[in-house]
Amino acid sequence: MGNNLIDSVDARLAVRLAELRAEHGWSLDELSERSGISRSTLSRAERAEISPTAALLNRLCAVYGTTMSRLLSQVEAEPAQVMRAADQPMWQDPASGFVRRSVSPPHPGLRGELVEGRLSAGADIAYDRPPVPGLEQHIWVLDGTLQVTAQDVEHRLTAGDCLRMRVWGPTRFRCPGPKDVRYALVVVLP
């Protein structure tokens, strides 16, 4: 997949972030206070001058009470029943190299979503909170090794292993290597 598709998602994401803030009637300063993200970073993200990181999007989703999948699905085309592999939107976190593919067709009325995640060897992503408290996640490792920390417990998952959890607090996803990890993530809203 070319970078043009990723770049166009970033551009639409910037517009959607600005729309969400306007829908809530918040100034950049108010959103900065609520999210703990600097005003300048928020402004640059809304103007597509920077590509937001997974951690930044997670914080914004928490403030807006939505999941990352729902936010990213809002910048895609009309929902369909079948999502062809070539049409599945991908998003890349430039800071960590995390690549996220929205596998299942987005639908505003359904609570479950299927996502493919890929982390490069050595990648380490920390989320300070779930976008929605009590979010249910099923993490099924397809290739490689993934270390997931939740509620101060670290789970080391290898190919074929599946972790089910409800997310209430901070989580951390690490790929210890030596090769990249690829995993399926099922996200279910409470």
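**A cavity and the elements around it**

In this predicted model, the lining of the largest cavity draws at least two residues from each of six elements, namely helix α5 (68-73) and the strands β3 (112-119), β4 (124-127), β5 (135-143), β9 (171-174) and β10 (181-188). Among these contributors, β10 supplies the largest share of the lining, which amounts to three residues. The cavity holds about 290 Å³ of space, and it belongs to a count of two cavities of 30 Å³ or more. Rolling a probe the size of a water molecule over the atoms is what shows where such empty space is left.

Altogether 21 residues line the largest cavity, and those that lie nearest its centre are Asn58, Met68, Tyr127, Gln137 and Leu185. Sorted by class, the lining consists of 13 nonpolar, six polar and two charged residues.

Several of the strands that line this cavity also take part in pairings that can be followed one by one. Strands of a sheet pair through backbone hydrogen bonds, either parallel or antiparallel. β5 is joined to β10 by seven bridges, and the two strands run antiparallel; β5 also pairs with strand β8 (residues 162-167), again in the antiparallel sense, over six bridges. Glu136 has a bridge partner in each of these neighbours, for it is matched with Val188 in β10 and with Arg166 in β8.

β4 and β9, two further contributors to the lining, belong to an open sheet of four strands, in which the order is β4-β9-β6-β7 and the pairing is antiparallel. Because β4 and β7 (153-158) stand at the edges of this sheet, each with a single partner strand, one side of each is left without a neighbour in the sheet. From one strand to the next, the twist averages 15°. The partner of β4 is β9, and these two strands pair in the antiparallel sense over four bridges, with Ile125 standing opposite Phe173 in β9.

Turning from the strands to the helices, the reader can find helix α2 (residues 28-35) packed against helix α4 (residues 54-64) at an angle of about 100°, with the two axes 9 Å apart. An angle of this kind means that α2 is roughly perpendicular to α4. On the α2 side the contact is made by Leu31, Arg34 and Ser35, while α4 brings Arg59, Leu60, Val63 and Tyr64 to it. By class, the residues of this contact divide into four nonpolar, one polar and two charged.

Technical notes:
Residues are numbered from 1 along each chain as its sequence is written. This is a predicted model: local features need pLDDT of at least 70, side-chain atom pairs count only at pLDDT 80 or more; totals for chains, interfaces and linings use all residues. Side-chain values use heavy atoms; hydrogens and water are left out. On a 1 Å grid over the protein atoms alone, a cavity is a set of points where a 1.4 Å probe fits but cannot get out, and a pocket is an open set with protein on both sides within 12 Å along at least five of seven lines; lining residues have an atom within 4 Å of a point. Grid points are joined across faces, edges and corners, and a volume is the space filled by probe spheres set on the points. Ala, Val, Leu, Ile, Met, Phe, Trp, Tyr, Cys and Pro count as nonpolar, Asp, Glu, Lys and Arg as charged, and the others, Gly among them, as polar. Two strands pair if DSSP finds at least two bridges between them. Axes are lines fitted to C-alpha atoms, for helices over the stretch in contact, and angles run from 0 to 180 degrees between N-to-C directions. Angles under 35 degrees count as roughly parallel, over 145 as roughly antiparallel, 65 to 115 as roughly perpendicular and the rest as oblique. Contact means heavy atoms within 4.5 Å.
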